[in-house]
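Subject: A structure for you to explore

Hi there,

Here is the structure I promised to pass on to you. Please open it next to this email and look up each place as you read.

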Amino acid sequence: MFLSRRARATLRAFTSVGFAVLYIPLIVVLVASFNISNTFTWPPKALSTQWWGRVLRWPGWTLKIWNAIKIEALRESLLTSLKIALFATILALLLGSLAAFAVHRYSFFGRTTLSLLVVLPIALPGIVTGLALNQAFRRLGLDLGVTTVVVAHATFCIVIVYNNLIARLKRMQPSLEEASSDLGATGMQTFRYVTFPLIRSALLAGALLSFALSFDEIVVTTFTSGASTQTLPQWIFSNLSRPKQAPVVNVVGVIVIVLSIVPVYFAQRLTDQEPGAAGR
Amino acid sequence: MRKGFTTAAVVGLLALTASACSSDKKADTATTTKAAEVTTTAGPATSSTTGETTIAPASDKGEGAVNIVAWAGYVENGTNDPKVDWTSAWEKESGCKVNVKIGNTSDEMVQLMTSGEYDVVSASGDATQRLMAGGEVVPLDLTKIPNYADIFDALKLKPWNSIDGKPYGAPQGRGANLLMYNTDLIKTAPDSWGVVFDAASPSKGKVTAYDAPIYIADAAVYLKTAKPELKITNPYELDDKQFAAAVDLLKVQKGIVGEYWSDYTKTQQAFEQGSIILGTTWQVIVNGAQGNKAPVAAVLPKEGATGWSDTWMISSKAKHPNCAYQFVNHIVSPAANAANSEYFGEAPANKKACDLTSDKEFCKTFHADDEAFFKNIYYWTTPVADCGDDRGKVCKPFADWEKAWTEIKG
Amino acid sequence: MTSAVGSERTTTGKRLSRFGQQHPNIKLGGLLTGPVLWLVLAYIGSLAALLIAAFWRVDGFTTKLVRNWNLGNFREMARTTVYRTITFRTIGVAFAVTVICMMIAVPMAFTMAKIMKPNRRRLAVVAVLMPLWSSYLVKSYAWRIIFIQGGVLEWAGLPSPGFGLTATVILLSYLWLPYMILPIYAGFERLPNSLLEASADLGGKTGRTFRSVILPMIKPSLIAGSIFTFSLTMGDYIAVGIVGGKSQFLGNTIYAKFGTANNLPLAAALSTIPVVAMVIYLMSVRRTGALENL
């Protein structure tokens, strides 16, 4: 390596500090969830598990995590958020892949415009996207609900999948697909047996980030959800103004992180496998 | 292919814009000018011979659901805390499933109501007149709300919840905007709003004010006494000179403000931590902070104060009018009103609610039947151009208040 | 070879594949229809409809939309100084946040991509992703506890900037940091070690290698990350309300015009500011290939 030992040590130290800064606020959240005060004061005058007790059934909760959450509105909003994130990610995967293949394989008028168009939903501030979609949905007479939120989320998640895929397609050796056709495989078969395994990890990386984006999104969601739809971020927001119960959100924050560590780790492991990609 | 892409883009744009224009024209002709002259609306509404909109559904049966826009804590059904529930029993009894959308500001509530997706709203006085003027809500058929009779007379048929003697909503409760201060750092209790408008205040940087255009009225309330030459009688009816004076005062205030607040958890926290030591507050915040042993106290200054009274209103586009009426009747009943006003922290509107609160001192603390207290309170109403007196139509409408507020905050 | 047996039967899949091969344009059309319809009709269409509203106005009394075309909103925007102040303040904060994020992300991403061992690297990427799963609101309130008087900073004996612009910049930099680290990390991953070693062989010291080799190669990733930080900052109205003290930003103002004033045309007119700013930025960085690195 071209870096001196001292440079590497400095960089390592800097990175450790960086991660510490990234996690200190999360530790504050953890401590705050045990703070007896109902108004987020500091330092905690006393510690208490009352907020945890409000959220989780303890002990005696069955293996079903679902039943462990006592607050019904929280359970429902968690379910809604997961549902929306799932559908939005699937849609984004579909549309993003279609667009990525089209742009990579063919040259057509409006190709560069499409790249710009795909980026726009995420590049424009959420409040503008939210306002625009809200007005559009209302004028088209659509009822605001889960579907409209899925549509809105998918729109800005497309670019995540698109970019991951295009980057991978660029690095892929076209010779592999050509070899497959030479050996007599049809387009469909080539895709299934050759292309897909190669792009799978890129799709997964895109899906993971899309899911995270949609799960924690609140601005666009506020404008595109209806009377009976409440996502987790919306529940958290409304709970902050509910008298005497605001600190419950800290408990929820911790729970969500803990629950997502394992799935994210495994998803990340899957994206690391890159058979046949261009080597270093 | 080249032409295809561009054509698709252009067609798409035109199509959407065209549909936007045409579908709105339909909605526009439906609700034109003032509420009294509304002719038709979509859905179950019908027009009566006098030209007013009423909702006259075919039968009295509930529609199975009711969509409500309300403040957080007004409509609790046990899903957030099983002990906090005054709705689920009624839901079962009436067969109307309650869907609540929490509005974070009363202005957001106006916005949501205009979409026509909601049946009932709990609107504050600064929003109710906009709803009434825009024809978004209907005058109530009191035969369907028997509990209305038990409401304090002082809250009935007020400018913010009625037009020409017809009630447009059922009161939920009321509260005043008091002046709170840190007793450790401010030794003598302030008796005038002047302390929050004082450029040389020793509390500089630790003062707070309510973050909404309607707060301009608070400055007017102070000027009514402090500058009698301005001849302010109603803090919501301000002509150019009076308005300019209030705005200037608020710009001075900005220099000493630490934070503007709209969410009371934040401001309670600020007072408890000591980052704010003086400013506008609600009784519920005082109680909360004192309950947490914070050194605070509140006063009603000598100039009086602004206050608010929320109103339950029914949408003119309600898709579930029967359930809507049944809900409003339920929410202003003694039991429900006692429960939700105690939970939220405001004086209840129903006289009989005071016997049903769990804290027997509740009504006393919140001055529920203390008309002498509320005599000096100027309830939030929407400022309109018509001054309502011999000045004519020279007062500043709410749009000007809103613009000014952005400029004040800078 | 599996295809030897399969090639005897003409399945739908095969028929489609052959058709696609013989008519590449239709295949292209098929690929594009979905995304184009979605993006152009749904998104651009609604965006256009919103921005068209900027040319209308609301009736002051009934707050209903009045469709006579006029430039009133834009004139008011230009005339009122406060909108200019707010715009510059927001753009300034966006700039500061972008720079801070870059300065923190580049060393971190480099260490992750080039110095860490593969096992550690994977953990590091997961560690960067995890904060994204904690609610944005919860994190913002945690920072409020950190900045407030007597809060975590002051309790630890450190000076706190209190609520205001500094606090806002710090909070936003924190919130968007993972979005800056990820593209830069991906960019570093694609950077062949051989290039760095070649530079060292040719006599380049660390600084020189960084300036002349590394920086140009990761520039697209830097710009990609900056697109996130800029747009997220310009549209934000929640986080700034939590630690911003008495400051107001473009996001709050647009939200207020829409919600408080029920003045959709003015909100739409104000929305053109961030839209125009971002579109200009995007068009100018298109060439650097940053758009493909998000």
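Let's start with chain A, whose secondary structure comes to twelve helices and zero strands. Helices here are DSSP runs of H or I with at least four residues, strands are DSSP runs of E with at least two, and both are numbered from the N terminus. Read from the N terminus, the elements of chain A go α-α-α-α-α-α-α-α-α-α-α-α. Along the principal axes, the C-alpha atoms of chain A fill a box of roughly 70 × 65 × 40 Å.

Before we go on, a word on how to read all this. This is a predicted model, in which local features need pLDDT of at least 70, side-chain atom pairs count only at pLDDT 80 or more, and totals for chains, interfaces and linings use all residues. Residues are numbered from 1 along each chain as its sequence is written, chains are lettered from A and ligands numbered from 1 in the order in which they are written, and side-chain values use heavy atoms, with hydrogens and water left out.

**Helices that pack**

Two packed helices are described by the angle between their axes and the distance between the axes. The axes are lines fitted to C-alpha atoms, for helices over the stretch in contact, and the angles run from 0 to 180 degrees between N-to-C directions. Angles under 35 degrees count as roughly parallel, over 145 as roughly antiparallel, 65 to 115 as roughly perpendicular and the rest as oblique.

Look first at where chain A meets chain C. Helix α6 of chain A (residues 126–139) and helix α3 of chain C (residues 24–53) have axes that come within 8 Å and cross at roughly 95°, so α6(A) and α3(C) are roughly perpendicular to each other. Among the residues in contact (heavy atoms within 4.5 Å) are L131(A) and Q135(A) of α6(A), and Y43(C) and L47(C) of α3(C). This contact of α6(A) with α3(C) divides into ten nonpolar, three polar and one charged residues. Here Ala, Val, Leu, Ile, Met, Phe, Trp, Tyr, Cys and Pro count as nonpolar, Asp, Glu, Lys and Arg as charged, and the others, Gly among them, as polar.

Next, chain B meets chain C. Helix α7 of chain B (residues 264–273) and helix α7 of chain C (residues 136–147) have axes that come within 12 Å and cross at roughly 20°, and α7(B) and α7(C) are therefore roughly parallel. Their crossing is right-handed, meaning that the near helix is turned clockwise from the far one by less than a right angle. K266(B), Q269(B) and A270(B) meet Y141(C), R144(C) and I145(C) there.

Within chain C, helix α4 (residues 72–79) packs against helix α14 (residues 264–285) at an angle of about 60°, with the axes 9 Å apart. That makes α4(C) oblique to α14(C). The crossing of α4(C) and α14(C) is right-handed.

**Strands in chain B**

Strands of a sheet pair through backbone hydrogen bonds, either parallel or antiparallel. Two strands count as paired if DSSP finds at least two bridges between them. In chain B, four strands form an open sheet with mixed pairing, in the order β17-β9-β15-β18. Its edge strands are β17 (347–348) and β18 (377–379), each pairing on one side only. Strands β9 (residues 173–176) and β15 (residues 305–308) of chain B pair in the antiparallel sense over two bridges, and A176(B) has G307(B) as its bridge partner in β15(B).

Elsewhere in chain B, strand β10 (residues 178–182) runs antiparallel to strand β13 (residues 278–281), joined by four bridges; L178(B) stands opposite T281(B). Strand β11 of chain B (residues 207–210) runs parallel to β13(B), with two bridges, and T208(B) partners G279(B).

**Rings and backbone details**

How many aromatic pairs does a search of the whole structure find? The count is 40 over all chains, where rings of Phe, Tyr and Trp (its six-membered ring) pair if their centres lie within 6.5 Å, with planes under 30 degrees apart counted as stacked, over 60 as edge-to-face and the rest as tilted. F243(B) and W401(B) have ring centres 5.9 Å apart and planes at 50°, so this pair is tilted.

Finally, most residues other than glycine have a negative phi, and most peptide bonds are trans. A cis peptide bond joins W42(A) and P43(A), with omega about -10°. D164(B) has a positive phi, near 50°, and lies in the loop between β6 (162–163) and β7 (166–167) of chain B.

Enjoy exploring!
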